[in-house]
Amino acid sequence: MPLKNTNIVSAAQTKFGKLEGVTQREMFSEAVDKATIEAGIPKKDIQAAFIGSFIPEMLIHQGHSAPLLTDFAGLKGIPATRHEAACASGATALRAGVMAIESGMYDTVLVAGVEKMTSSTTPEVTEALAAAADDQFESSIGLTFPGVFAIAAVAHMNKYGTTEEDMARVAVKAHKNASTNPLAHFQKPITLEQALKPLVIAWPLKIFDCSPISDGAAALVLTSNEKTKQYTDLPVKIIGSGQASDSMNLCDRTDLTTFSASVDASRAAYKMAGLTAKDMDFAIVHDCFSIAEIIASEDIGFFEPGKGAKALRDGVTALDGDRPINPMGGLKAVGHPVGATGVKQVVVAYRELIGDAGPNQVPNHDTAVVHNFGGTGATCVITVMRRGDV
Ligand SMILES: CC(C)(COP(=O)(O)OP(=O)(O)OC[C@H]1O[C@@H](n2cnc3c(N)ncnc32)[C@H](O)[C@@H]1OP(=O)(O)O)[C@@H](O)C(=O)NCCC(=O)NCCS
């Protein structure tokens, strides 16, 4: 049965990037202000907050951040909980918010995500991010996230003939789409030659195959049907939500060219929505590395296994293609402040669905699927959204 009662009535994000001198709480507060007072929603209407944030203990020595963040953002006193699922922290916070509305417990809630990363060095961030892998069998022997996705890339190259040039095309598309997105970390288009420059991070992945280390925050306000018309004539409904998990350890997987949690979570979300992948007008997927977009486009059912790279080459996933993917630039070019990403992806889908994406507007925009995963896909959350009626 499709979810029936959860509406997104406002959505906002800060600029993503190296936000020097801006603290975690300031970014969070900015996103919350944009999603509440600037959208005509009084803060006193927010009954609870669900917040995605991955590694503030390691990056800024701050735990127990939910009450700290809500207090700083002028939401003191409400129930505030942090959700952690590596890079899927934002989407797990969203699921908690959806369940809170669907259960009837609350009418109006805040879902937000935030991460401050650039005050740490790249080696410090790399080590902190490695906590999302299996420490006993992977991180402690030196496997990093670029390394993990390089393994997946090699497996995909061997099984399906995917090439380094195919992966570079993901980066070229991402940077092109982000060039008209003023909130993106990188706003300059790149050429295929630039993307293929041998600045190797973990072969076959080069610098442009990687999402950057970024700061940023994003926020959404969810309401029940009854409350929705108080705030907007143009809500977006969340009609399907799926979550699945997989082994943390790559050694326990039988196929590294697909992430089973993405397949399982998308099946569950489409089933709940009563729709299929064919009904989706566009997708927002977790392109933490270029190969991850190609694999995700197959795992969510947009293309057959092994056909994602061809679809990309043929322009099918371009902004003006038949099945646009990441029309505003994805993690690759917009940035990846890990705890904020899952919420920001939904902010992007919301803006596309209500027709507020400016030069990045996709032509067909009734229904969308959002794919957010954590670690090497050990957690995946899929959200199906539809432009709604009040
Ligand atoms: C790829 C990576 C190692 C590069 O870090 P770095 O070598 O320390 O790079 P720096 O921050 O010193 O930046 C050097 C230059 O490259 C650019 N740059 C950095 N990362 C970039 C990226 N991913 N894509 C494009 N350009 C990038 C910077 O803007 C800077 O450009 P400038 O000299 O014009 O200012 C780092 O971005 C990284 O670890 N990314 C992956 C993050 C990750 O694993 N996330 C979780 C996914 S599951």
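In the predicted model, a backbone N or O atom of Cys 210 is placed 2.8 Å from a nitrogen atom of the ligand, and a polar backbone atom of Ser 211 lies 2.9 Å from a ligand nitrogen atom. A side chain takes part as well, since a polar side-chain atom of Lys 332 is found 3.2 Å from a nitrogen atom of the ligand. The ligand taken alone exposes 910 Å², of which the protein buries 61%.

The three residues named above belong to a shell of 16 residues around the ligand, in which Thr 122, Leu 129, Cys 210, Ser 211 and Lys 332 come nearest. Sorted by class, this shell comprises twelve nonpolar residues, three polar residues and one charged residue.

The space that the ligand takes is the largest pocket, for which a volume of about 670 Å³ was computed. This pocket is lined by 30 residues, and those closest to its centre are Thr 122, Cys 210, Ser 211, Pro 212 and Ile 213. Two or more lining residues are given by each of helix H5, which spans 122-129, and helix H6, which spans 145-160; the largest share, four residues, is that of H5. In terms of residue class, the lining of the largest pocket contains 18 nonpolar, ten polar and two charged residues.

Thr 122, Cys 210 and Ser 211 thus appear both among the residues that come nearest to the ligand and among those closest to the centre of the largest pocket.

Key:
Residues are numbered from 1 along each chain as its sequence is written. This is a predicted model: local features need pLDDT of at least 70, side-chain atom pairs count only at pLDDT 80 or more; totals for chains, interfaces and linings use all residues. Side-chain values use heavy atoms; hydrogens and water are left out. A residue is near a molecule or strand if one of its heavy atoms lies within 4 Å of it. A polar contact is a pair of N or O atoms within 3.5 Å; within protein, one must be able to donate a hydrogen and the other to accept it, and residues adjacent in sequence count only if both atoms are side-chain atoms. Accessible areas come from the Shrake-Rupley method with a 1.4 Å probe; for residues, only the protein chains shown count as cover. On a 1 Å grid over the protein atoms alone, a cavity is a set of points where a 1.4 Å probe fits but cannot get out, and a pocket is an open set with protein on both sides within 12 Å along at least five of seven lines; lining residues have an atom within 4 Å of a point. A molecule sits in a cavity or pocket if more than half of its atoms lie within 2 Å of its grid points. Ala, Val, Leu, Ile, Met, Phe, Trp, Tyr, Cys and Pro count as nonpolar, Asp, Glu, Lys and Arg as charged, and the others, Gly among them, as polar. Grid points are joined across faces, edges and corners, and a volume is the space filled by probe spheres set on the points.
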